[in-house]
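Q: Hi! Could you walk me through this one? I'm new to reading structures.

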Amino acid sequence: APGIFDLKNEKNPFKDYNFVYAPYCDGSVWLGDNIVEDISYYPTPDEKVPGGSQVPGISGGFRNHRGLRNLSVTIELAKKIFPNVERITLMGHSAGGAGSTFGTFLVRKVFGNEVDLTSFNDAGPVANNLEKKQSIAARENDWDYCKFLPTSIADCQLILFVDWILKNDFTVRMAFYCAAADAVLATYLEIPVLADVAPLYLAGNKDFLKFLQSNYDPLSVNHPGRFNSFIVASFQYVFDRTVNQRIPFLLTHGLVQSLEFYTELTDNFSGSQFSLSDWTSRFLGAENSNVFVS
């Protein structure tokens, strides 16, 4: 198994961890709690909503966005299996990465204040593109998550929820990894990707990188040592198994489940070399480290 699941790799900072794995399936970044009518979705004839019957008045298909319930049950199960743990890292990739950030408050509630709690977000969206108000409204309506956020958070802004968690949980620490031209995440956020210009990284995804820095740099400044980011704009190549070709690191969408979690990257400014696994080890050891590799 590659990445963090390679428990025989001495460079794996999680090789001595116990794992509780929760598959992602509900489409609401582990935050939603709603049933949505969707005429483009066709359930099987015997598929029912919770309670055993179709929702009255709904004749078409429906989507169950139950991410928050799924995450809550997972954390409660983890508590039953490992009732006396001293350290927890809540980790996720892509949508799961967002859930790993938002879900820290649930872990704290279930496991208590004495647990050493960290989260690792591997390329997950925890900030809204405020220019896309229609898309934000659609997610708020579909996922119905605003009701769970503190009333002090303006306009249900998720990045403010992250800041709220850090302000109210004095010991939680968060790590965020992303590539500087992550086309998957940029597409989700509706930040233009100049895919018709080859190569993509020469056209750049400067708007996306600016988005990352404008949202995450303030968290690092306001919560030093407790919010750490690793943003890669390296031209070193990686073999992407999804598209079956070599692409630059700065185009990748997450690394924790890939062999490249251990790849040494060279910082073009300092000349120093380190991998995401090295950086993760430092983060887990409570070292303050915000990195931009170009």
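Q: Which residues in α5 meet which ones in α8?
A: Happy to help! Keep in mind that this is a predicted model. On the α5 side you have Ile159, Val162, Asp163 and Leu166, and they meet Asn215, Tyr216 and Leu219 in α8.

Q: And how do those contact residues divide into nonpolar, polar and charged?
A: There are 5 nonpolar residues, 1 polar and 1 charged in the contact of α5 with α8.

Q: At what angle do the two helices pack?
A: Helix α5 covers residues 158-168 and helix α8 covers residues 206-222; they pack at about 10°, and their axes are 11 Å apart. Angles under 35 degrees count as roughly parallel, so α5 and α8 are roughly parallel to each other.

Q: New topic: how many disulfides are there?
A: The count comes to 1 disulfide. Cys146 is joined to Cys156, with an S to S distance of 2.2 Å.

Q: Where do those two cysteines sit?
A: Both Cys146 and Cys156 are in the loop between α4 and α5, 10 residues apart. Helix α4 itself spans 133-143.

Q: What is a disulfide, again?
A: A disulfide is a covalent bond between the sulfur atoms of two cysteines.

Q: Is Cys156 buried or exposed?
A: Cys156 has 15% relative accessibility, so it counts as buried. Its partner Cys146 is at 22%, so Cys146 counts as partly exposed.

Q: What about Cys25 and Cys178, buried or exposed?
A: Cys25 is exposed, with a relative accessible area of 63%. Cys178, on the other hand, is at 0% relative accessibility and therefore counts as buried.

Note on methods: Residues numbered from 1 in each chain as written. Predicted model: local features only at pLDDT ≥ 70, side-chain atom pairs only at ≥ 80, totals over all residues. Heavy atoms only, no water. Axes fitted to C-alpha atoms, helices over the stretch in contact; angles between N-to-C directions. Helix = DSSP H or I, 4+ residues; strand = E, 2+ residues; numbered from the N terminus. Parallel < 35°, antiparallel > 145°, perpendicular 65-115°, else oblique. Contact = heavy atoms within 4.5 Å. Nonpolar A, V, L, I, M, F, W, Y, C, P; charged D, E, K, R; others polar. Disulfide = S-S within 2.5 Å. Buried < 20%, exposed > 50% of the residue type's maximum accessible area, 1.4 Å probe, protein only.
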